[in-house]
Amino acid sequence: MQPERIPFPNTNPQPVIITGSVAYDDILTPHGSGTRILGGSAAYAALAASFFSDTKIVGIVGNDFAEKDRERLHSRKIDTAGLTKDESGPTFFWRGRYHENYNRRDTLALELGVFEKFEPKLPDALRDIPFVMLGNIAPVVQLRFLEQMRKPRFVLLDSMNFWIDNAKEDLLNIVKRADMFVANDTEAEELAGEKNIIVAGRKLLELGPKCVLVKKGEHGALLFHPDGLFALPAFPVTELRDPTGAGDSFAGALIGTLAALGRTDFDAMKTAMLYATVVASLTVEAFSCDRLEAAGVAEIQSRVNELRKITRLPE
Ligand code: AMP
């Protein structure tokens, strides 16, 4: 039997806590569609992180949430004690449509449902978890969550253009408290007010986070860190089906790897980006979390070896 987690030798593994949306999504792509499929930033991120570390998810679902979907998280050993069910309304719902080349998507519907009145109340036992991911959800929810954590060692913040447009002040308040702020290229350009992605990344650093990671979809990712710049191409995917959750699973795998290594230095971040890139490459090969769940440690490791080979340079 395969191990449940990627084994890293001689490390000091730590647990991860993740908040964000747990959602039902309707997805339209040029080559297919999915209706009311499990999604949400926290669901994708937690599934991704679970390949690396002990993972806890915190969020809220509504009266339409199927217990079989909670089981999907349990089957990857994710602790869902912090995933509250609120019978008074529906689960967060998102409908998105991708354009022909998958590079652009439109939000056709976004219904917060029970998230509208979500007040994260963290049980005492969860407040000391050192690795914290604030997955994409309203920045005010992210802030309330962070305020309950006692002394986080590493805080990863993810967001979305929707919140840049609708809650910019709140978002800026939390960006400055992040150890790593993760954004895609269009979000980075918009928030920095700058088209050149290198200049935009550096401008985002001036907002206060300790480092900034800019994702460029099929063109890979860039890390802006006080010790320097690091760039990694994407894993070469040929079976693109549904890009939803690529960013969330990238971020979840990234913090999961750092937690598994028990390190947050520049080199650890490079390793974490390698694993994050590979996990995101799996997510996009099927609708919902299906491909992510079907993946195994061996498959992740084999893609990591391939990506290492692709990016190796002669001296
Ligand atoms: P990604 O493709 O990584 O950006 O993540 C898409 C997922 O985020 C979908 O499963 C949606 O349910 C969820 N989502 C979409 N819009 C929002 C939003 N404004 N806040 C929180 N989650 C969202």
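What covers the buried residues of α6? Keep in mind as you look that this is a predicted model. The cover includes two helices, α4 (161–166) and α5 (168–175), along with strand β10 (180–184), helix α7 (197–205) and strand β11 (211–215). Helix α6 itself runs over residues 185–192, and its buried residues are Glu187, Ala188, Glu189, Leu191 and Ala192. Notice that two glutamates, Glu187 and Glu189, are on that list. Just past the end of α6 you reach Gly193, which takes a positive phi of about 65 degrees.

Now swing over to the sheet. Here you'll find four strands in the order β3-β2-β6-β7, making an open sheet with mixed pairing. At its edges sit β3 (32–39) and β7 (105–111), each of which pairs on one side only. Going from one strand to the next, the twist averages 15 degrees. As a reminder, strands of a sheet pair through backbone hydrogen bonds, and they can do so either parallel or antiparallel.

Take the β6 and β7 end of that order and look a little harder. Strand β6 covers residues 92–98, and its pairing with β7 is antiparallel, over six bridges. You can follow the register with a couple of pairs: Trp94 stands opposite Leu110 of β7, while Tyr98 has Arg105 as its bridge partner. The two strands form a hairpin with six residues between them, and in the turn Tyr102 has a positive phi of about 70 degrees.

Arg105 is also a good way into the ligand site. An N or O atom in the Arg105 side chain is 2.8 Å from an oxygen atom of the ligand. Asp248 makes a similar kind of approach, with a polar side-chain atom 2.5 Å from a ligand oxygen. Ser21, for its part, puts a polar side-chain atom 2.8 Å from a nitrogen atom of the ligand. How much of the ligand does the protein bury? Taken alone, the ligand exposes 500 Å², and the protein buries 95% of that.

There are 22 residues around the ligand, and those that come nearest are Asp25, Gly40, Arg105, Gly245 and Asp248. As for where the shell comes from, the elements giving two or more residues are β2 (23–29), α1 (41–49), β6, β7, α4 and α8 (246–261). The largest share, three residues, is from α8. So the tour loops back on itself: α4, part of the cover over α6, also lends residues to the ligand shell, as do β2, β6 and β7 from the four-stranded sheet.

Notes: Residues are numbered from 1 along each chain as its sequence is written. This is a predicted model: local features need pLDDT of at least 70, side-chain atom pairs count only at pLDDT 80 or more; totals for chains, interfaces and linings use all residues. Side-chain values use heavy atoms; hydrogens and water are left out. Buried means under 20% relative accessible area, exposed over 50%, partly exposed in between (1.4 Å probe, protein chains only). Contact means heavy atoms within 4.5 Å. Two strands pair if DSSP finds at least two bridges between them. Axes are lines fitted to C-alpha atoms, for helices over the stretch in contact, and angles run from 0 to 180 degrees between N-to-C directions. A residue is near a molecule or strand if one of its heavy atoms lies within 4 Å of it. A polar contact is a pair of N or O atoms within 3.5 Å; within protein, one must be able to donate a hydrogen and the other to accept it, and residues adjacent in sequence count only if both atoms are side-chain atoms. Accessible areas come from the Shrake-Rupley method with a 1.4 Å probe; for residues, only the protein chains shown count as cover.
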